[in-house]
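Reader: Could you walk me through one corner of this fold residue by residue, and then follow the chain and its contacts outward from there? I'd like to know who touches whom, what is tucked away and what sits in the open.

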Amino acid sequence: MSVIVRDDGFHAEDYTGEAVIDIAQDTRPEALPDSFDGVDLIRVAFPAASDGRGFSLARQLRARGYAGRLRARGHVIADQYAMARRCGFDEVEISDDLAARQPAEQWIFRADWQEHDYRARLKA
């Protein structure tokens, strides 16, 4: 099973559609789809927390005009949540085991991602 992480904490899977594209972390940007017609959800794989290529793919997808639900799927840790949101992900899908090691409070602590970056500190 898995847990869906959003800014307000943990959720059960609630996607019931079939229009899903799964993108591997090693997909070249030029190999991303040109059209997103009918696509409700794109999941980008994160096989390891040390592999950040999915963040770049999320930026590329948003730059190409994808406005639907974008999910990081796999081994994303709570410390990476703010980066995932800044790159364009709407949510993160993690394993039950990871959710047990990093409870919802750790993710929620990082959910104020728009206020806590270096640019916000420079405004003061």
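Author: Let's start at Q80, which touches A49, F55 and H75 once residues up to four places away in sequence are set aside. Keep in mind that this is a predicted model. Q80 sits in the loop between β5 and α2. Its relative accessible area is 15%, and because buried means under 20%, Q80 makes the cut.

D79 belongs to the loop between β5 and α2 too, but D79 counts as exposed, at 53% relative accessibility. What does the side chain of D79 meet in a salt bridge? It meets the side chain of R110, with N and O 2.5 Å apart. R110 lies in the loop between α4 (104-109) and α5 (118-122), so this pair ties together parts of the chain 31 residues apart in sequence. R110 itself is partly exposed, with a relative accessible area of 23%.

Now follow the chain along. It leaves β5, and three bridges join that strand to β6, the two running parallel. Between them the path goes through α2, and this β-α-β crossover is right-handed. On its other pairing, β6 meets β1 in the antiparallel sense, over four bridges. Is β6 enclosed or open to the outside? Four of its five residues are buried, so the rest of the structure largely encloses β6.

E93 is a handy residue to hold on to here. Its bridge partner on one side is I4, and R73 stands opposite E93 as well. E93 also forms a salt bridge, this time with R71, where the closest N and O atoms are 3.0 Å apart. That pair links distant parts of the chain, with E93 in strand β6 and R71 in strand β5, 22 residues apart. Both E93 and R71 are buried, so under the 20% cut-off this is a charged pair tucked away from the surface.

R73 has a salt bridge of its own. The side chains of R73 and D22 meet at 3.6 Å, N to O. R73 lies in strand β5 and D22 in strand β3 (residues 20-23), so the pair ties together parts that are 51 residues apart in sequence. R73 is partly exposed, at 33% relative accessible area, and D22 is partly exposed too, at 49%. Compare that with D79, which at 53% counts as exposed because the line is drawn at over 50%.

Over on β1 there is R6. With a relative accessible area of 17%, R6 is buried. The R6 side chain makes a polar contact with the side chain of E91, at 2.8 Å. Leaving out residues up to four places away in sequence, R6 touches H11, D14, R69, Y81, D90 and E91.

How do these charged residues hang together? Side chains of opposite charge can pair when their charged atoms come close. The model has 16 salt bridges in the count. Back to the pair where R110 lies in the loop between α4 and α5 and D79 in the loop between β5 and α2: turning from that to the wider picture, salt bridges that share partners join R6, E13, D14, D22, R43, R69, R71, R73, E91 and E93 into one network.

Then there is the nonpolar side of things. The largest nonpolar core has 28 residues, and I42, V44, L61, L70, F89, V92 and I94 touch the most other members. Two or more residues each come from β1 (2-6), β4 (41-46), α1 (53-63), β5 (69-74), α2 (81-87), β6 (91-95) and α3 (96-101). Of these, α1 gives the most, with four residues. Take I42 as a sample: not counting residues up to four places away in sequence, I42 touches I21, I23, F36, L61, Y66, R69, L70 and R71. R69 and R71 are members of the salt-bridge network as well, so by the 4.5 Å contact cut-off I42 touches members of that network.

One last stop, in the open: G38, in the loop between β3 and β4. At 59% relative accessibility, G38 counts as exposed. Its C-alpha atom is separated by 9.0 Å from that of V20, 18 residues apart along the chain.

Definitions and conventions:
Residues numbered from 1 in each chain as written. Predicted model: local features only at pLDDT ≥ 70, side-chain atom pairs only at ≥ 80, totals over all residues. Heavy atoms only, no water. Core = buried A, V, L, I, M, F, W, Y, C linked by side-chain atoms within 4.5 Å. Buried < 20%, exposed > 50% of the residue type's maximum accessible area, 1.4 Å probe, protein only. Pairing = 2+ DSSP bridges. Right-handed = clockwise from strand over helix to strand, strands pointing away. Salt bridge = Lys/Arg side-chain N within 4 Å of Asp/Glu carboxyl O. Polar contact = N/O pair within 3.5 Å; in protein donor to acceptor, adjacent residues only side chain to side chain.
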